[in-house]
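Work through these exercises with the structure open beside you. Try each task before reading its solution.

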Amino acid sequence: MVFYEKVSKDLWKFLEVCFSAIYIGIFLGCIALFIKGGNYTISFSTAIKHITYLFYIDRLSLFFIGIVAFNGAINNIYALDYIEEENYDKKILIVMLTNIFILSMILVLLSANVFTFILFWEIMSILSFFLVLWDFKKEENYKASLIYIVMTHIGTAFILLSFIGFYINTKTLDFTNWQNISLNQQWTIWIFLFSVLGFGMKAGFLGLHNWLPKAHPVAPSFVSALMSGLMIKIPIYMFIRYYFYFIKQYPISFGLLILIIGSATMLFGILNASIQNRLKSMLAYSSMENIGIIVVGLGLSMIFKSLNTVYIYSLALAATLFHILNHSLFKSLLFMSAGSVITKTHTQDMSELGGVIKYAPKLSVITLIGILSLVAIPPLNGFISEWLLYQGLLLSLKIKTSYVWIVSPIAASILALTGGIAMLSSVKYFGITFLGKPRKDIKIKSDIGNLSLISTGFLAMACIFTGILPFFVLYFINNIIPVPIYVREFFEIKTPGNFGSIAPFSIGMLIIFALLLNIYINKYISKHSVYYQTWACGQENIPRSAQYSPEGFSQPIKKITSKLYKDKIDIFDAIYSYITKKMLDGLETLKYKVQSGLIQRYILYMALTLILLMWLSKIYG
Amino acid sequence: MNLNISLSEFVEFMAALSLFFAILQTASHRLDFAIKTYTFQSLALSITMFLSVFYYFDYELIISAVLTLLIKAILIPNVMKKITEKIVEDESVKPFINFTYSILICVFIVIFSFYAMSNTFYSVSSSSMMQKILAIAVAIIFVGIFLMFARKKALIQVIGFLTLENGIILGATSTVKGLPLIVEVGVFFDVFVGAIMAGILIFHIKDTFDSLDTSKLSDLKE
């Protein structure tokens with residue numbers, strides 16, 4: 001009995017490790033299959049006619065599955081610490097929910113017909129809903145999860161409509177038969193519209209984003225890492241499938257529209273991120289910004305796909321894919337580190353936090369790497385992908401098309417503006433939270449757990465690795481895009497058309513050298529430097545409430561952009577709250593009508609089912 | 001007048017009579033009438049089973065027929081009658097759907113059953129009698145279910161359930177020449193116990209709700 005209790009107590013740990021091992025296996029298998037190349041189709045037929053599970057493996061899906069599996073493995077390791085610390089009642093339940101969620105993401109990426117896709121897509125949505133709802137006693141979580149589930153299902157409805165559009169044109173539901181189909185103009189427009197609404201709802205495009213900044217902060221941190229780092233990339237994967245694999249030709253305006261949506265999304269996301277005072281809210285809005293960057297790359301590549309300019313299209317697609325990988329790495333890292341801070345301090349309000357670096361120095365260094373990666377500082381990975389994107393945007397001016405000449409410089413300047421504000425909000429994030437003194441009494445019981453340090457540290461290493469040596473990633477990306485990006489051994493990346501080149505390895509070495517030199521000079525040579533406390537304005541021993549506050553930090557930008565968004569009146573919030581309320585009320589009344597509590601009515605349902613079945617068997621039998 | 005009817009036609013006729021009594025139940029205003037109709041329905045069923053013996057030459061069916069007669073035509077109606085006398089002050093059945101519409105719906109039920117069961121055994125190449133009786137059995141089942149959801153009183157719902165059971169037995173006899181004896185005895189026992197249980201339950205409903213109207217049970221819902 002004691003043995004049983006012991007086993008059941010620690011079973012969740014065993015499960016976590018098992019799943020982690022499974023993901024590592026999947027990750028290695030992905031790499032092996034990718035190098036081997038080729039496409040595979042796997043199908044399982046069921047007892048029901050017309051319903052088969054169909055899976056399709058090619059290099060694009062392998063790339064995404066690799067990302068999911070890598071992050072999933074690390075996430076499980078991190079969750080070991082996090083769950084132990086939070087001490088949930090139902091540990092096995094949350095472990096299983098999370099891992100089935102990850103597996104369903106992998107299966108969505110693999111699925112190759114409508115039935116399989118919708119099945120796993122729904123499993124993914126519903127499990128993430130439950131995970132958002134995990135702390136269901138908090139009012140905020142409850143509201144966020146309701147908005148999430150309603151919006152995600154509206155999205156699914158639009159996705160189904162776009163699938164129906166394909167079905168009407170091809171008379172088949174297999175994705176494999178949708179490759180390179182040419183549709184007429186009208187259907188292309190409809191499918192485009194439905195796909196933007198459907199997948200955009202999940203990815204968090206501007207106007208469809210409302211669930212994202214609500215749901216991500218309230219979920220357990222490792223779940224936020226999964227949702228933000230991986231789940232919102234899956235609609236992007238479907239976009240790439242739609243517009244680079246399925247539909248052969250489409251007008252240039254599609255790409256322009258996507259580009260504009262992307263620019264607006266990233267600007268909106270970062271403006272909101274800069275004024276957030278809660279750790280995870282800031283990260284959630286920053287996810288929105290990064291989705292914007294990804295979507296700008298996607299739109300650019302769509303423009304040049306429809307213009308048949310293959311080399312720019314592949315450059316922009318490479319930037320998109322690279323940024324998807326980067327964002328999954330550093331956003332997972334940041335959410336995990338934020339989770340560690342929150343579990344230790346029991347608050348995620350920046351106006352209470354401060355001075356985390358004093359009691360968690362290792363975690364602070366790791367977070368700093370993630371933050372620097374987020375704002376695209378050179379030796380780290382964010383820089384490479386944004387550089388590629390800038391190259392794509394600037395290179396597009398070589399093509400003489402009036403629309404692109406107008407839109408792409410604007411997009412580039414918005415990207416630059418976004419980068420600037422991202423810098424500001426990251427300085428705020430790191431400076432206020434990790435430096436200075438705590439703004440409230442915060443009791444730390446123990447140190448940050450080793451496993452969470454190892455997992456976040458591993459991600460930080462991955463950030464540095466892909467930043468300094470991006471050739472390994474570019475090897476995989478080059479196999480997906482039609483015109484490879486020229487890579488000269490260790491030292492240089494060249495964009496197609498000899499437009500620009502960069503040597504990340506040399507830059508990395510230079511910066512590391514400069515950093516070491518700086519430390520050396522500060523420590524041993526310079527004798528005049530005096531160290532003051534951070535945020536103390538050069539004074540000694542100021543009271544902690546006199547420190548620079550997060551509100552003060554974001555005050556200027558709040559003032560400049562006060563016309564753009566107001567704190568109280570959020571138009572999107574109003575719309576979606578209204579829709580959610582209406583839908584849930586409707587469901588409630590429907591429930592009371594169907595579940596009337598009358599025995600007679602339940603018997604009637606049974607009889608109707610029986611009649612329906614007999615009738616169906618008569619028709620199809 | 002040609003009275004030269006074959007055995008199979010007579011079996012069909014008895015089965016149809018059973019269906020007729022089932023439909024007659026839906027037209028009954030009063031509980032004691034419904035119970036009497038059930039008695040006749042079970043009697044017709046047992047005659048059908050008894051005559052099937054000479055059609056299939058499967059003598060185990062005799063036991064089934066006798067058991068049907070004993071339990072369904074004598075024992076259960078008596079139990080029901082006693083319950084009715086003991087607790088029911090108001091004998092009306094309280095319909096959700098009134099009697100005219102009930103009979104009309106029964107017409108559609110019968111049409112649907114014959115439609116649904118036509119050509120069911122086409123490949124088995126059995127007799128046409130089997131097919132018709134199966135359709136009748138399905139119709140009886142549906143009429144039983146209809147009784148259960150169209151009436152408010154608990155007792156008539158029990159009768160509806162028993163009618164449904166009769167339909168199942170009839171279908172079993174006609175298609176697979178009766179179930180194995182042990183199964184059939186088990187089923188009879190089940191039904192009998194079910195009837196007694198229903199009686200006890202009805203007592204309790206009466207106790208707690210002061211009425212046999214099951215639509216009042218919806219108060220139990222939160």
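The exercises below use a predicted model.

**Exercise 1. Two helices in chain A**

Task: Find how the axes of α9(A) and α11(A) are placed, and state which residues meet.

Solution:
- Step 1. Locate the helices. Helix α9 covers residues 234-246 of chain A, and helix α11 covers residues 279-306 of chain A.
- Step 2. Take the distance and the angle. The axes come within 11 Å and cross at roughly 5°.
- Step 3. Classify the angle. Angles under 35 degrees count as roughly parallel. Therefore α9(A) and α11(A) are roughly parallel to each other.
- Step 4. List the residues. From α9(A) come I236(A), F239(A), Y243(A) and F244(A). They meet I294(A), L298(A), M302(A) and K305(A) of α11(A).
- Step 5. Sort them by class. The contact of α9(A) with α11(A) has 7 nonpolar residues, 1 charged residue and no polar ones.

**Exercise 2. A second helix pair**

Task: Decide whether α4(A) and α5(A) are roughly parallel or antiparallel.

Solution:
- Step 1. Locate the pair. Helix α4 spans residues 114-132 of chain A, and helix α5 spans residues 139-170 of chain A.
- Step 2. Take the numbers. The two pack at an angle of about 170°, and their axes are 9 Å apart.
- Step 3. Classify. Angles over 145 degrees count as roughly antiparallel. That makes α4(A) roughly antiparallel to α5(A).
- Step 4. Look at the contact. The residues of α4(A) include I118(A), W121(A) and F129(A). Those of α5(A) include Y148(A), I149(A) and F163(A).
- Step 5. Sort by class. The contact of α4(A) with α5(A) divides into 10 nonpolar, 5 polar and 1 charged residues.

**Exercise 3. Strands of chain A**

Task: State how β1(A) and β2(A) are joined, then find the edges of the sheet β3-β4-β5 of chain A.

Solution:
- Step 1. Start with β1 (residues 40-45) and β2 (residues 52-57) of chain A. They run antiparallel and are joined by 6 bridges.
- Step 2. Pick one opposite pair. S43(A) faces L54(A) of β2(A).
- Step 3. Look at the turn. The two strands form a hairpin with 6 residues between them. In the turn, H50(A) has a positive phi of about 70°.
- Step 4. Turn to the open sheet. Its 3 strands have the order β3-β4-β5 in chain A, with antiparallel pairing.
- Step 5. Find the edges. β3 (486-488) and β5 (501-502) of chain A each have a single partner strand, so one side of each lacks a neighbour in the sheet.
- Step 6. Check one pairing. β4 (residues 492-494) of chain A is joined to β5(A) by 2 bridges. I493(A) has I502(A) as its bridge partner in β5(A).

**Exercise 4. Domains of chain A**

Task: Describe where domain 1 of chain A touches domain 2 of chain A.

Solution:
- Step 1. Set the bounds. The assignment for chain A gives domain 1 (1-250), domain 2 (262-567) and domain 3 (571-620).
- Step 2. Count the contact. It joins 39 residues of domain 1 of chain A to 42 residues of domain 2 of chain A.
- Step 3. Name the helices. On the domain 1 side, α2, α7, α8 and α9 of chain A each supply at least two residues. The largest share, 14 residues, comes from α2(A).

**Exercise 5. A helix in chain B**

Task: What span should helix α2 of chain B have?

Solution:
- Step 1. Count. Helix α2 (residues 31-56) of chain B has 26 residues.
- Step 2. Compare. At 1.5 Å a residue, α2(B) should span 38 Å; its end C-alpha atoms are 37 Å apart, which agrees.
- Step 3. Look past the helix. F57(B) follows α2(B), with a positive phi near 55°.

Conventions:
Residues numbered from 1 in each chain as written. Chains lettered and ligands numbered in written order. Predicted model: local features only at pLDDT ≥ 70, side-chain atom pairs only at ≥ 80, totals over all residues. Axes fitted to C-alpha atoms, helices over the stretch in contact; angles between N-to-C directions. Helix = DSSP H or I, 4+ residues; strand = E, 2+ residues; numbered from the N terminus. Parallel < 35°, antiparallel > 145°, perpendicular 65-115°, else oblique. Contact = placed C-beta atoms within 7 Å. Nonpolar A, V, L, I, M, F, W, Y, C, P; charged D, E, K, R; others polar. Domains from an automatic or database assignment. Expected span 1.5 Å × (residues − 1). Pairing = 2+ DSSP bridges.
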